[in-house]
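Here are some exercises to work through with the structure open beside you. Try each task on your own, then follow the solution step by step.

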Amino acid sequence: MKSSEGKLINQGVDDEMEVFGYRPCLWKLILVGVGVVCSGGLLLLLLYWLPQWGVKATYTKSSLREAQILLLRTTDKFKQWICVRVHVMMAAGKTPFDNFNQQSTNHPLNGDDHQGPETEHEEQIRKLIPSESVKYMKPTTLLTAPLSSVHYFTHNSIKYYWNEGTQNFEPFNGLEDIKVSCAAIHRDHSSGLPKTQQHYRALFFGKNEIDVRVPSLLKIFVKEVLNPFYVFQLFALILWSTQDSYDYAAAMALIFLFAIALSLYTIRKQHVRLHDMVVEHSMVRVSVCRGKKAFEQIMSTELVPGDVIAIPTNGMIMPCDAVLLCGTCTVNESMLTGESVPVMKTSLPGFGTEANKIYNSEEHKRHTLFCGSHVIQSHFYADEPVKAVVVRTGFSTEKGRLVRSILYPKPTDFKLHRDATQFLMCMVGLAMIGFIYTITIDVLNEVHIQGIIFDTLNIVIIAVPPILPVALSAGIGHAQRRLKRVGIFCLSPQRINICGQLNLVCFDKTGTLTEDSLDLWGIQRAEDGSFLPPDSEVSTKNLLNTCFAACMATCHSLTTIEGKLFGDPLDLKVFSATGSILDDPREEHIALYKINISTVVRLPQQSGEFGIVRQFPFSSALQRMSVVVQQLGQKHLDVYLKGAPETVANLCRPDTVPQSFKETLESYTRQGFRVIALAHLQLESELSLPQIHSLSREQIETDMDFLGLIIMQNKIKEQTNGVLLDLRRANIRTLMVTGDNMLTAISVARDCGMIQAHEKVIIADAVPPNDQNPASIMWRYPANPVLNNNQMSTISFAGEGLHCEKDTGYHFALSGQAFAVISEHFPQLLQKILLRATVFARMAPDQKTQLVQALQNIDYIVGMCGDGANDCGALKKAHSGISLSELEASAASPFTSTVPNISCVPNLIREGRAALVTSFCVFKYMALFTIILFCSTTLLYSVLTNFGFYQFLFIDIGVTIFVVFTMSLNPAWKKLVKQTPETNLISCSVLSSLISQIFNCLLFQLVAFFLVQHQSWYEPPKSIHDPFSKYDPNELSNLSVTPPPKELYGVNYLYADVRNFENTSIFYVSAFQYLTVAITFCKGKPFRQPSYKNWPFMLSVFTQYAFFLFALLHPIPAIDDVFQIADVPYEWRITLLIIALVHAVVSFLLEIVNNRWGWAYFSRNFCCKKRHPKTKYKCLALKLKDEAFWPPAPSTIAYANSTLLLHTSVSPCLKKTK
């Protein structure tokens, strides 16, 4: 790649960008400067709106190494351009992890011995270094370290530094950048950093703070005013002012100042809210290790990656991301995950195979304390303090990423906005037509040049409505307030309209569809390779002195805080059933156990006491957790494990797993129970504590004895079935995405109505490739169970009888493993499966996000509803994410519900549909209003007259403003319907309605315009460009004022009189037309409440109707003088009223006809004669209708290999198993 070409930064992640280098070009700068002066600053404004043009116009391309300005372009479909400036910093190294201290021998590393004033050499060096760098550097560093220049730029609060090796800019995130192993962290980073090294790293990482700066009102104001719409409006205000129309200009200025003020308030309020969220704990005092035993108190803003901090016993709010070196911590991570249940964090493994792995915050999150999380308490062994190594600071932390996702959201691809832009381009075209028409009329009538200029500019302002963006946002603002009243808070108002388009919603199971709490239904122990009878009433008496009871009591992540138990609800239920007591270890326990223990568990009736020696926390990827314990009085150690039954069974000796394990498990899961399996292993008594800690998890969790099953019952929330039924009736697909067992998920899906009783379920069991076989998928058809009273049904797998090639009543069910295998090895098959997939079980958090992306790739508009625990990524990725958690993690979700059930989903969709319909109504009204006014003005221009200023003022404010803002107040319809609202502004139904109404309005304006000219009392109008037109010729000699000179003809309309018969007729007819089309377009059912329930709108419209009728039929001289209404005969006033009434009747009839038949006729004859689905999933569904081998037959296998191509009509990939 050439040096002048762009390179990729952040490759492979969401914020991937291309970067291009530029350096200043003097002759280009001079040319642009001349252009700015000649254009009166308009060129500068254009270059501000298009930064890529500004850079290319004033800079020349260069290599990235020599660039002073960079152009960044996102690689997504939006292709956004960003301009950033390259800064140069002087530092002793090129990267933050260079150890420059070894280069110095003249001074101590910490620089404490340097005393006295600066030398001349120091002062010269300080002048070369930016001020922000100097404050982090000690005098000895300046003297002894050779300085080199480091190029960097800042984008979205992240700094990118130049890397000579890769010849590209790269961010420094923290210790993970150097790919350090867990063992190396213990070995090389356990003693902390010297002060000089800390100050040096601070050069690159900066202050450890998430600095959400609240912009000043002036800065927000300037940015808003420079918006193209407001610039256009400012141009209009200047034009009106030059025509001495100060009243009109002042009134319109007040309206737009109000709109800007509202925008300023909203933007600043969001920044203040985010600032308050992060500033509360952004600065605390921490203890930093400066050697083996030495600790120093510093401010948390001074922390850098590599520092070692001490975690107090009573806990703290984490100011950074840090990994535990020793001890354990009980942490509340609700700010990040939305999960209010405290979790146990253990120290990073320093021995064994686990220690050789490269540290990764995601993989080792059970050992990582994340910024913003609340460490409730820490546990240490003996006198050793709990220490953690700082791995990331500032905006690179997990909390920093969350804040950045809010500060710099991804743009939303909403078609309404794109269509509105296309409409504005059409209006610009219409303005050009009016521009040419006006010039032609004025030239033919010998109008002065200044008059031509004002006429043409006026027609352009009329044709392009600057109020359109404000009008479109009105409906969204009203919908946001209505959502707030039902407990739904919105962080991204623009997504409300997208909610009206949702056609698929994914639901988490636990805590969303079902209750958070689990009830212990019973247990079923196993002995000697066989199951004992199930025990639905757990009796501590029957469990005394059994490994099963010991496993229930010890294998958990519970902790005590101020005498109360905290932890996972499942662990709490299981532990409580044993009647055991959990306690923190004291000095006497250390003496009794002769080994360091973290927790003491005492079983009831003095049947045993256990000390927990080591804990392997639950991992969603491994689907299990385990503990190493010692029973008081025993020399050996025991391992207890619990987890997903399939996973636990694979870790046990086959002879201990009952032969009926599969059938028994399926009998429980098929009924919707959540099943947990337990296992036990006795370790060799010769193993010492260091040896125990050196063993990896895989070495310990093997060859275990199967103990049995715990059966938990998770009840469905009472609102779930009704909500899912409403969504089903509205033709909105619903999916379940859970981390639970497959058959449990299927059972819950049937119970809540996602899968009907008569519909089949096809389980896709996908296996990754191995040395002998390629990746494969086996299709299983579990039969629908028949439940007898007080009996549990067993599950069976059907044969050929269940398969019907043309049957559409089927659903696919996939596990997380199957989803991963199919995504990688069967990408074409994945889309076919997603069309009918309903249950996704054993899904990891990142797989939920991938699923949402896959559904979006086939053009579904996806909603996601979860409790926030493991759904944050999916909530952010979905078009509309709804969090049922009120915790701070919900800030990452566009919507947050204070009602902890899924009833918020139909409410949000209803309001979204209402807001979408409102946007269309406002859009159609503004389009027709603009065209009516444009037609009226061009008609009047043909006779060299126009509307008066107060006529314009009343039309724009008295009519349009009130109508637009009140027609948006219609509440949403009370229930969801199967019909979906229109989502395309440039569609046949919208166009047919607009075009028919345009011709209707124009027709009746032409009737009034030409009919008045044929009246016996008619007199031709006087030209508004004649400054003497206001005066009667007989009165000119008696004028006490001197008329303006001839060279000022057409400069303003102050002396012009628009009082003529054409003006009066067109004014009254068009005024009634504005109100008529407002009522016509203000639609209600089935997406909004009827307009008659919107009393502000009805009051506004009928008040204006009454005013116009009164002014028309009972003229008052004062009103006629203000609006410059001509004195016309009463018969003509009745004629105008008849014209308005006939227009209203025709307008209503046209809209009724268009809604029923007109759009179909328009579509058939003008749009496209043979319509094909535009969405991918609909096209794929049509293809699958003709496929004979879909869905796959039971017990068939699909293989992925180099010779197999999966098409929609291919069957050789399905092979019957023998």
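**Exercise 1. Find which residue in strand 31 is the bridge partner of Val-639, then work out how strand 31 sits among its neighbours.**

Solution. Keep in mind as you go that this is a predicted model.

- Step 1: Look across from Val-639 and you land on Leu-681, its bridge partner in strand 31.
- Step 2: Zoom out to the strands themselves. Strand 30 (residues 638-643) and strand 31 run antiparallel, with 6 bridges joining them.
- Step 3: Now go to strand 32 (residues 705-713), which pairs with strand 31 over 7 bridges, again in the antiparallel sense. Here Ala-679 stands opposite Phe-706.
- Step 4: Check burial. In strand 31 (residues 674-682), 7 of the 9 residues are buried, so the rest of the structure largely encloses this strand.

**Exercise 2. Work out which strands are joined to strand 2 by bridges, and pick out a partner pair for each.**

Solution.

- Step 1: Begin with strand 1 (residues 7-9), which is joined to strand 2 by 3 bridges and runs antiparallel to it. Lys-7 has Val-19 as its bridge partner in strand 2.
- Step 2: Move to strand 4 (residues 69-74). It runs antiparallel to strand 2, and 6 bridges join the two; Gly-21 finds its partner there in Leu-70.
- Step 3: Strand 3 (residues 59-62) is joined to strand 2 by 4 bridges, also antiparallel. The partner of Pro-24 in strand 3 is Tyr-59.
- Step 4: Ask how enclosed strand 2 (residues 17-24) is. Because 6 of its 8 residues are buried, the rest of the structure largely encloses it.

**Exercise 3. Say where the buried residues of helix 21 lie around its axis.**

Solution.

- Step 1: List the buried residues of helix 21 (residues 569-578): Leu-570, Asp-571, Val-574, Phe-575, Ala-577 and Thr-578.
- Step 2: Look down the axis. These residues cover an arc of only 155 degrees, which puts them on the same side of helix 21.
- Step 3: Recall the general rule: an α-helix has 3.6 residues a turn, so residues three or four places apart point the same way.
- Step 4: Step just past the end of helix 21, where Gly-579 has a positive phi of about 75 degrees.

**Exercise 4. Track down some backbone features in the loops: two aspartates with positive phi and a cis peptide bond.**

Solution.

- Step 1: Go to the loop between strand 22 (519-527) and strand 23 (530-531), where you'll find Asp-528. Its phi is positive, about 55 degrees, although Asp-528 is not a glycine. With a relative accessibility of 79%, Asp-528 counts as exposed.
- Step 2: Head to Asp-859, in the loop between helix 31 (845-857) and strand 38 (862-866). Asp-859 isn't a glycine either, yet has a positive phi of about 75 degrees. Its relative accessible area is 29%, so Asp-859 is partly exposed.
- Step 3: Finish at the cis peptide bond between Lys-1085 and Pro-1086, with omega about 15 degrees. Pro-1086 belongs to the loop between helix 36 (1061-1081) and helix 37 (1095-1113).

**Exercise 5. Describe how Tyr-810 and Phe-812, and then Tyr-925 and Phe-929, are arranged as aromatic pairs.**

Solution.

- Step 1: The structure holds 40 aromatic pairs. In the pair of Tyr-810 and Phe-812, the centres are 5.7 Å apart and the planes are at 85 degrees, making it edge-to-face.
- Step 2: Check burial. Tyr-810 counts as buried at 7% relative accessibility, and Phe-812 is buried too, at 1%.
- Step 3: Tyr-925 and Phe-929 form a stacked pair, with 6.4 Å from centre to centre and 20 degrees between the planes. The two are 4 residues apart in helix 33 (residues 904-941), so about one helical turn separates them. Both Tyr-925 and Phe-929 are buried.

**Exercise 6. Decide where to be careful with this model, using pLDDT.**

Solution.

- Step 1: Take the whole chain: mean pLDDT is 78, and 82% of the residues reach 70 or more.
- Step 2: Compare the elements. Strand 21 (residues 504-507) has the highest mean pLDDT, 91, and strand 42 (residues 1214-1216) the lowest, 39.
- Step 3: Mark the stretches where pLDDT stays under 50, including residues 101-143 and residues 1202-1218.

Technical notes. Residues are numbered from 1 along each chain as its sequence is written. This is a predicted model: local features need pLDDT of at least 70, side-chain atom pairs count only at pLDDT 80 or more; totals for chains, interfaces and linings use all residues. Side-chain values use heavy atoms; hydrogens and water are left out. Buried means under 20% relative accessible area, exposed over 50%, partly exposed in between (1.4 Å probe, protein chains only). Two strands pair if DSSP finds at least two bridges between them. pLDDT is the predictor's confidence in each residue, from 0 to 100. Contact means heavy atoms within 4.5 Å. The arc is that of the directions from the helix axis to the C-beta atoms. Rings of Phe, Tyr and Trp (its six-membered ring) pair if their centres lie within 6.5 Å; planes under 30 degrees apart count as stacked, over 60 as edge-to-face and the rest as tilted.
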